[in-house]
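Visitor: I'd like to learn how to read a model like this one. Could you walk me through it?

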There are 2 protein chains.
Amino acid sequence: MSTSIHSKSIELAGMGETQENHVSKNRITDDVRMRGFKKRSTVVATIDWLDQQDIDLPQQAVSLQQAMGRVLAQNVSSNFNIPGFTRSMMDGYAIIASDAQGSSSYNQLPLEVVGKSMPGKGTKVRVSSGTAVRIMTGAPLPDGADAVLPAENVEADESHIMVMESVAQGRNIGHIGEDISAGTTLLNKGRRLRPQDIGLLASIGEKEIAVFNRPRISIVVTGNEILPVGESPKDYQIINSNGPMLEALSIRDGGTVINSQIVPDNPELIRQAMHDDFDILLITGGTSVGEEDLAPLLLAESGHLAIHGVAMRPSRSTGMGSIGKKLVFLMPGNPVACLSAYDFFAGRFIRSITRHGKNWPYVSVHKKLKQKMVSMIGRTDYARVKIIEDHVEPVAISGAAILSSTTEADGFVIVPADSEGYAPETEVEVFLYDQYHN
Amino acid sequence: MSTSIHSKSIELAGMGETQENHVSKNRITDDVRMRGFKKRSTVVATIDWLDQQDIDLPQQAVSLQQAMGRVLAQNVSSNFNIPGFTRSMMDGYAIIASDAQGSSSYNQLPLEVVGKSMPGKGTKVRVSSGTAVRIMTGAPLPDGADAVLPAENVEADESHIMVMESVAQGRNIGHIGEDISAGTTLLNKGRRLRPQDIGLLASIGEKEIAVFNRPRISIVVTGNEILPVGESPKDYQIINSNGPMLEALSIRDGGTVINSQIVPDNPELIRQAMHDDFDILLITGGTSVGEEDLAPLLLAESGHLAIHGVAMRPSRSTGMGSIGKKLVFLMPGNPVACLSAYDFFAGRFIRSITRHGKNWPYVSVHKKLKQKMVSMIGRTDYARVKIIEDHVEPVAISGAAILSSTTEADGFVIVPADSEGYAPETEVEVFLYDQYHN
């Protein structure tokens, strides 16, 4: 299931391969701008690389209360049948079906009520021809009975019922193992657990269950100018907003944040942070190609810088690579670019290993553009938009530094690399920030 | 935004008003079956009642780490502008734009580099005609400069640059308050906080934020036969599966479970549980009209039983009402019926007050039916289905007692009250269990 939806999302988002034969003046300008990057990647090539990455997650036992949304690390089967006994599926009367043969409201047949079977308790009374046992939903079927007559189909007094409708043999009876058969695989390794799975696990006697650990995410915000949350900025300082945003995103997508820190623009300190213990590192700021952009150089030195520079706007300076078995994402310091780089790449990887689904986690709607939307061939654009009177309008001030453009926006539109943009009234897919899958 | 999507979901789910003029034989049979309920409701009427209910939630201050997904209890504005200074939007050179007028790669114009402005630090050097200051993204613009020339558009050595492209006055400069203007409302009371909102709150100096409390949910599973999670069933006992499932559902939808207990079929104990402190009570089992069905009688006695009996399958014995300002949901003990009653009603209410959106939280796809799907006029059906080779097939064993039908299913199809079912190849909307909004 998931796969088809995701492929669809990718298709709809138009993340098609760059059309190299559509080179335009814009493309050339863009090439000049990008020359600082040794080898820039398309969004599609970056995703191709990313989708080949994997990390090892150990498993842990968690209580059922903690298991919702986690990824099963084992196949699950039951040691016993459910139900473990033949049970009634209705409130009514356990009878021998042939006793009710031919009954109707015009031909009511009497049966003597000889006992009562309650859930969890049952009765030792045996049903013989001409008798019935009052029975509740879920209660064990008494010996001798072969059907349950719904309470609605009889007239009852203290000790007798008048049967007004026949019932087929075996009717309204739940058989041993009908819900869960001992030994059968019920849930497969790799499944993300749903609320009903938690119920199922409880019903087969589990109290704890083996799941894969959440990926351990370390967040490093670089910059001498960055202040911790809650402090007051002086002069040219700014408060760390990428860190808290990335924490929220990582947790939304099933990760666990083991560390979130601000590190000055100091190669030794950034190198240290790269050698911490984590599964995934999200490092923001200093990712471009200037002399102060340390992160790409340090990643190349400590491990493998696989991607640096992506043909997209914003998030052009995004990079990624690995250090041993750990994955490292270099994310722009501008908050919009940071959000876009997260959702395109880091989030995709995290959502994939936590089985949230690779692609956009946002619900999308299709609406028409109010005005044209300009992009360039060879570049993928992430445009924040509002939906106003059922039309899509770009958010007015939308530079990569304008975080409020992402809080003001209802969502975003992707303009794929093979498009120069869209004319007014083009129907576009809007991914809604306030409606996300989980 | 949300509203239109939700209305759409309802429409797609076909929860249209029951067509009273389409009475059929099936309808009459169903009426007979339902006669135990004094006044059964349609799903639509039940939802109408539910959508008029409200509960008061106090507010609390939470840290930004705790604020993701919570509902804002206040309007938010900033005490200061962001940026608080004129800044560069690019890595490059702060210059006087007129100095670059007429430059090109064939007419490179020289400027003397007289300083450097770094983020958080800036420079006291003033840019005068013929000079430039090296500047980084986010760094303060030096006095005298009126544009930033991107680094890509110059050839640079230690002390000079050769300008190869002109730049318009004001270009690549971010102005004071351009992102966030002091005093302007940025986020409105009632908004469910997104990751980027957390970033925004951090950037304006917030460390804690006032949000509405999560609704406090009490879960009561009734039945003498019910064992706690982790115990081994003997004889006719069964393990509590509705409790763990409802906990997972309640938390998924933004509630907090303050209490989850098993209570025997004892009127005094159930009455006590109804008088506990909670915002919402989910009580399962004993909700029908038999002599052992205590919950409806006790709710009517303790408060108001507004709905009892809903024309749907499963979950026919669902009830709801209130005790003072507290809302009470009576949910069938059969696990499939319990899940369906939760998602139709209790979940809808919880999702509404936590701003998750009223309607189905599941992502849906449209696919064709492999075989016919039978229902009856006047009754809303919740049918578990699998998607096999792009066609929709009902799950084989699908009684209300078969919890595994909901774990085996990919999702469900709603057959609305005005439909007798669907012919093969009819396109239906499947709500996917593994893809839910949050």
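**Reading helix pairs and chain copies**

Guide: Sure. Let's begin with two helices in chain B: H7(B) and H8(B) lie oblique to each other. Keep in mind that this is a predicted model.

Visitor: What is the angle between H7 and H8 of chain B, and how far apart are their axes?

Guide: The general idea comes first: two packed helices are described by the angle between their axes and the distance between the axes. Here, H7 (residues 267–274) and H8 (residues 295–302) of chain B pack at about 50 degrees, and their axes are 10 Å apart. The crossing of H7(B) past H8(B) is right-handed.

Visitor: Which residues of H7(B) and H8(B) meet?

Guide: On the H7(B) side, look for Pro267(B), Ile270(B), Arg271(B) and Met274(B). They meet Ala295(B), Leu298(B), Leu299(B) and Ser302(B) in H8(B). By type, the residues of this H7(B)–H8(B) contact are 6 nonpolar, 1 polar and 1 charged.

Visitor: Let me try a pair in chain A. How are H6(A) and H9(A) arranged?

Guide: H6 (residues 242–252) and H9 (residues 335–353) of chain A pack at about 25 degrees, with 11 Å between their axes. An angle under 35 degrees counts as roughly parallel, so H6(A) is roughly parallel to H9(A). H6(A) also passes H9(A) in a right-handed crossing.

Visitor: And which residues make that contact between H6(A) and H9(A)?

Guide: H6(A) brings Asn242(A), Met245(A), Leu246(A), Leu249(A) and Ser250(A). From H9(A) come Pro335(A), Cys338(A), Leu339(A), Tyr342(A), Gly347(A) and Ile350(A). The split for the H6(A)–H9(A) contact is 8 nonpolar, 3 polar and no charged.

Visitor: Now zoom out. What turn lays chain B on chain A?

Guide: To read a pair of copies, look at the turn and at the shift along the axis. A turn of 180 degrees with a shift of 0.0 Å along the axis lays chain B on chain A, with an RMSD of 0.1 Å. That is the relation of a two-fold axis. To find the axis on the chain B side, go to His437(B): its C-alpha is the nearest in chain B, 2.1 Å from the axis.

Visitor: How many residues of chain B are in contact with chain A?

Guide: 89 residues of chain B contact 89 residues of chain A. The chain B side of that interface holds 40 nonpolar, 32 polar and 17 charged residues.

Visitor: Why do we say the copies meet through the same surface?

Guide: Because 99% of the interface residues of chain B are also interface residues in chain A.

How values were computed: Residues are numbered from 1 along each chain as its sequence is written. Chains are lettered from A and ligands numbered from 1 in the order in which they are written. This is a predicted model: local features need pLDDT of at least 70, side-chain atom pairs count only at pLDDT 80 or more; totals for chains, interfaces and linings use all residues. Copies are superposed by least squares on the C-alpha atoms of residues with pLDDT of at least 70 in both. Two residues are in contact if their C-beta atoms, placed from the backbone, lie within 7 Å. Axes are lines fitted to C-alpha atoms, for helices over the stretch in contact, and angles run from 0 to 180 degrees between N-to-C directions. Helices (H or I, at least four residues) and strands (E, at least two) are DSSP runs, numbered from the N terminus. Angles under 35 degrees count as roughly parallel, over 145 as roughly antiparallel, 65 to 115 as roughly perpendicular and the rest as oblique. A crossing is left-handed if the near helix is turned anticlockwise from the far one by less than a right angle, and right-handed if clockwise. Ala, Val, Leu, Ile, Met, Phe, Trp, Tyr, Cys and Pro count as nonpolar, Asp, Glu, Lys and Arg as charged, and the others, Gly among them, as polar.
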